[in-house]
Amino acid sequence: MAKVMVFDHPLIQHKVSLMRDKNTPSKEFRNLAREVAMLMTYEVTRDLPTEEVDLETPICPARVKMLAGKKLAIIPILRAGLGFVDGMLEIIPSAKVGHVGLYRDPDTKEPVEYYCKLPEDIDKRRVIIVDPMLATGGSAVAAVDFVKKNGAKDISFMCLIAAPEGIEALETAHPDVNIFIAAKDEKLNENAYIVPGLGDAGDRIFGTK
Ligand code: PRP
Ligand code: URA
């Protein structure tokens, strides 16, 4: 069964709260997204394997730990997931970046695919799919379907705010995917927006409304 981890770090909580404020302008919203992405990536990568390596410090030879094993791929769901990529790359600069372009049909709320491009060796990488909002879960489920179809096996999903409905949909469709969330909200409203949420994440990042 999927592991669902809700972060309770005070810095993450504080920054997400600032992002919820409707008076936070896009410039600040983007900065906060980058900062939260860095903090969340630190937690999401906590169990990366390390290996012992010999090197020389300026003082003496030393046996030290370095990252070992699979390389990483960051897969933002367009558009809003893009706002998190720079912060994640600051922590894991050697990760490759793929893109899954989906938008929610305003009437059906179903995800519509419009662009997808993944690293060629995605099957050998540990994949972190990132999207700030997990609402009905339709977009997340479709994104995981797509990366699995392309061979990815080791997949985590990282988001800022999740509704219980979205968590349940993703857990049910993909019980092998670990879910990392900064805040779990109350419910969806009649337009399938998260309550209290932060509004439309894409519009807030890119200033389109
Ligand atoms: C938002 C969000 C997720 C999706 C979540 O994207 O960034 O991708 O909605 O909703 P769901 O869980 O009900 O599928 P949106 O479709 O608004 O596209 P955008 O990022 O291009 O604005
Ligand atoms: N997409 C968003 O951007 N916000 C929501 O609350 C739900 C879906």
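## Two ligands in one predicted protein

A polar backbone atom of Gly199 lies 2.8 Å from a nitrogen atom of ligand 2, a polar contact in the sense of a pair of N or O atoms within 3.5 Å. This is a predicted model, in which local features need pLDDT of at least 70, side-chain atom pairs count only at pLDDT 80 or more, and totals for chains, interfaces and linings use all residues. Residues are numbered from 1 along each chain as its sequence is written, chains are lettered from A and ligands numbered from 1 in the order in which they are written, and side-chain values use heavy atoms, with hydrogens and water left out.

Let's stay with ligand 2 for a moment. Its oxygen atoms have contacts too, and they are listed here beside those of ligand 1.

| Ligand atom | Protein partner | Distance |
|---|---|---|
| Ligand 2, oxygen | Ile194, backbone N or O | 2.8 Å |
| Ligand 2, oxygen | Ala201, polar backbone atom | 2.8 Å |
| Ligand 1, oxygen | Arg79, polar side-chain atom | 2.9 Å |
| Ligand 1, oxygen | Arg104, side-chain N or O | 2.7 Å |
| Ligand 1, oxygen | Gly137, polar backbone atom | 2.8 Å |

On its own, ligand 1 has 500 Å² of accessible area, and the protein covers 91% of that; for ligand 2, 88% of 240 Å² is covered. These areas come from the Shrake-Rupley method with a 1.4 Å probe.

Now to the surroundings, where a residue counts if one of its heavy atoms lies within 4 Å of the ligand. The shell around ligand 2 includes Arg104, Met133, Tyr193 and Asp200. By class, this shell divides into six nonpolar, one polar and two charged residues. Around ligand 1 there are 15 residues, with Arg104, Asp131, Thr136, Gly137 and Ser139 the closest. Six of the residues around ligand 1 are nonpolar, five polar and four charged; here Ala, Val, Leu, Ile, Met, Phe, Trp, Tyr, Cys and Pro count as nonpolar, Asp, Glu, Lys and Arg as charged, and the others, Gly among them, as polar.

Which elements give two or more residues to the shell around ligand 1? They are β6 (99-104), β9 (133-134) and α4 (138-149).

Stepping back, the protein has six helices and 13 strands, taken as DSSP runs (H or I, at least four residues, for helices; E, at least two, for strands) and numbered from the N terminus. Its C-alpha atoms fill a box of roughly 65 × 40 × 30 Å along the principal axes.

Methods
A polar contact is a pair of N or O atoms within 3.5 Å; within protein, one must be able to donate a hydrogen and the other to accept it, and residues adjacent in sequence count only if both atoms are side-chain atoms.
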